[in-house]
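Colleague: I would like to learn how to read a model of this kind feature by feature. Could we take each feature as a general idea and then as a case?

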Amino acid sequence: VPTRRCTGQAVVMLHISCISRLSLAACRHLGACRWISGASEQPLVLAFDIDETLLKPKIDRAHSHRKLSSTDFSVKIDLGDGTVAGCVGSLRPGLSHLLDWIRARRSAGLLEGPWIFGQGAPSYINAILPVLDPDGDIFGDRIFSKAHCTPMKPPWPWVMKDLSTIPTETGCGVHESKRVILIDNNALSALLHPDSTLMVRDWNADGAWDHRELWRVTELLDRTLETAQCGDYASAHVALTPNHAEFRERLALLSAKLELGLPEGADFKQTCQALWKDVVVSKEVLMVDKSAKRS
């Protein structure tokens with residue numbers, strides 16, 4: 001089925017309903033065909049969270065009680081004070097599939113980036129980046145760490161992710177958030193841009209079956225690429241995501257609670273626990289794709 005896309009007055013007809021099965025060579029051919037009309041296309045801009053989205057880490061001292069069912073890597077984190085911390089971790093099943101998918105779609109001109117948009121310190125991200133991107137051809141220097149996140153107003157300890165701060169490839173200006181899709185497991189990351197956040201189940205490396213989630217992500221992204229109009233990938237993502245209106249409504253209610261601050265006389269720890277329950281429930285309304293679970 002042809003997909004109608006436009007930039008300005010130009011209209012481009014694309015056939016990508018079978019793109020998930022295209023080889024890298026075929027994707028390159030598709031990318032070349034996009035320019036036949038002379039229109040300038042707007043690629044999808046991707047950003048990825050790290051922890052519990054692409055991998056599960058266990059860092060010395062910080063995660064002393066954490067247990068991983070298996071480990072795929074071991075790195076050292078430079079703490080900057082002359083000491084290092086050991087870190088082992090488990091990669092999410094399907095990571096190599098995701099990276100190959102990114103290479104093929106980017107080669108076709110369908111993607112820009114991708115970016116890492118994590119909540120960790122730069123020293124942590126620098127240590128695990130060679131594990132995520134051993135050839136250095138996926139993320140390059142497109143890295144956002146905790147310093148790029150948006151802190152919540154006191155006393156809340158959490159951060160949000162402002163997708164409108166992601167710069168263009170030329171470094172001149174930033175992207176419209178409607179062109180960006182963030183893949184993240186934490187619903188708090190979606191508070192500022194719920195329509196642009198593709199939520200995934202937590203990867204806990206606890207032995208639970210999880211061999212489908214990243215395939216679900218790439219299949220949904222392919223459908224988003226196929227149906228987006230005029231570079232509005234956020235709206236396409238919303239239309240393809242069951243229960244997204246409820247998700248957005250729950251986040252709006254959560255945001256209102258956070259804006260009010262800590263109620264007078266309330267216990268901080270108990271209030272945080274209650275708010276976190278709201279975060280978990282907000283995400284759960286989206287986790288209805290039965291194909292991502294083993295029957």
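Modeller: Start with the element names: helices (H or I, at least four residues) and strands (E, at least two) are DSSP runs, numbered from the N terminus. With that numbering, Ala-205 falls in the loop between strand 12 and helix 4. Keep in mind that this is a predicted model.

Colleague: How many helices and strands are there in the protein?

Modeller: The protein has seven helices and 12 strands. Of its 295 residues, 48% are buried. About 14,300 Å² is exposed, and carbon and sulfur atoms account for 54% of that area. For contacts between residues at least 6 apart in sequence, 68% connect residues at least 24 apart.

Colleague: Which strands form the open sheet, and in what order?

Modeller: The general idea is that strands of a sheet pair through backbone hydrogen bonds, either parallel or antiparallel. Here, five strands make an open sheet ordered 8-7-3-11-12, with parallel pairing. Strand 8 (143-144) and strand 12 (197-199) are the edges, each pairing on one side only. Inside the sheet, strand 3 (residues 44-48) runs parallel to strand 11 and is joined to it by four bridges. Phe-48 is the residue opposite Ile-183 of strand 11.

Colleague: Where is an antiparallel case, and how many bridges join the strands?

Modeller: Look at strand 4 and strand 6 (residues 84-91), which run antiparallel and are joined by five bridges. Ile-59 sits opposite Cys-87 of strand 6. Strand 4 (residues 55-59) is largely enclosed by the rest of the structure, because four of its five residues are buried.

Colleague: Which residues touch the most other members of the largest nonpolar core?

Modeller: That core has 42 residues, and Leu-46, Tyr-124, Ile-183 and Leu-221 touch the most other members. Helix 3 (residues 122-132) is the element that gives the most to this core, with six residues. Ile-183 shows how the parts meet: beyond its neighbours within four places in sequence, its contacts include Leu-46, Phe-48, Leu-198, Val-217 and Leu-221. Another core, of 19 residues, lies apart from this one and has Met-160, Ala-187, Leu-188 and Met-287 among its members.

Colleague: How many salt bridges does a search of the whole structure find?

Modeller: Side chains of opposite charge can pair when their charged atoms come close. The search of the whole structure gives 16 salt bridges. One of them is between Arg-105 and Asp-222, at 3.0 Å from N to O. Arg-105 belongs to helix 2 (residues 95-107) and Asp-222 to helix 4 (residues 213-227), so the bridge links distant parts of the chain, 117 residues apart. Arg-105 and Asp-222 are buried.

Colleague: What about Glu-112 and Arg-179: how far apart are the closest N and O atoms?

Modeller: They are 3.5 Å apart in that salt bridge. Glu-112 is in strand 7 (residues 111-117), while Arg-179 is in the loop between strand 10 (159-160) and strand 11 (180-184), so the pair ties together parts 67 residues apart in sequence. Glu-112 and Arg-179 are both buried. In another salt bridge, Glu-219 meets Arg-212 with the closest N and O atoms 2.6 Å apart, and here Glu-219 is partly exposed, at 29% relative accessible area. Salt bridges can also form a network, as they do among Asp-100, Arg-103, Asp-135 and Asp-137.

Colleague: How many disulfides does the same kind of search of the whole structure find?

Modeller: A disulfide is a covalent bond between the sulfur atoms of two cysteines. The search of the whole structure finds zero. Cys-149 is nevertheless a useful reading exercise: its relative accessibility is 7%, and buried means under 20%, so Cys-149 counts as buried. Cys-272, at 11%, is buried as well.

Colleague: Is Arg-92 buried or exposed?

Modeller: Arg-92 is buried, with a relative accessible area of 2%. It is located in the loop between strand 6 and helix 2. Beyond four places in sequence, Arg-92 touches residues including Glu-52, Asp-202, Trp-203, Asp-210 and Glu-213.

Colleague: Which residues have a positive phi although they are not glycine?

Modeller: Two cases are Glu-52, with phi of about 65°, and Ala-205, with phi of about 50°. Glu-52 is in the loop between strand 3 and strand 4. Ala-205 is buried, with a relative accessible area of 0%.

Colleague: Where is a cis peptide bond, and what is omega?

Modeller: Gly-113 and Pro-114 are joined by one, with omega of about 0°, and Pro-114 is in strand 7. Another joins Pro-154 and Pro-155, with omega of about 10°. Pro-155 is in the loop between strand 9 (150-151) and strand 10.

Technical notes:
Residues are numbered from 1 along each chain as its sequence is written. This is a predicted model: local features need pLDDT of at least 70, side-chain atom pairs count only at pLDDT 80 or more; totals for chains, interfaces and linings use all residues. Side-chain values use heavy atoms; hydrogens and water are left out. A salt bridge is a side-chain nitrogen of Lys or Arg within 4 Å of a carboxyl oxygen of Asp or Glu. Buried means under 20% relative accessible area, exposed over 50%, partly exposed in between (1.4 Å probe, protein chains only). Two strands pair if DSSP finds at least two bridges between them. A disulfide is a pair of cysteine sulfur atoms within 2.5 Å. A nonpolar core is a set of buried Ala, Val, Leu, Ile, Met, Phe, Trp, Tyr and Cys residues joined through side-chain atoms within 4.5 Å. Contact means heavy atoms within 4.5 Å. Accessible areas come from the Shrake-Rupley method with a 1.4 Å probe; for residues, only the protein chains shown count as cover.
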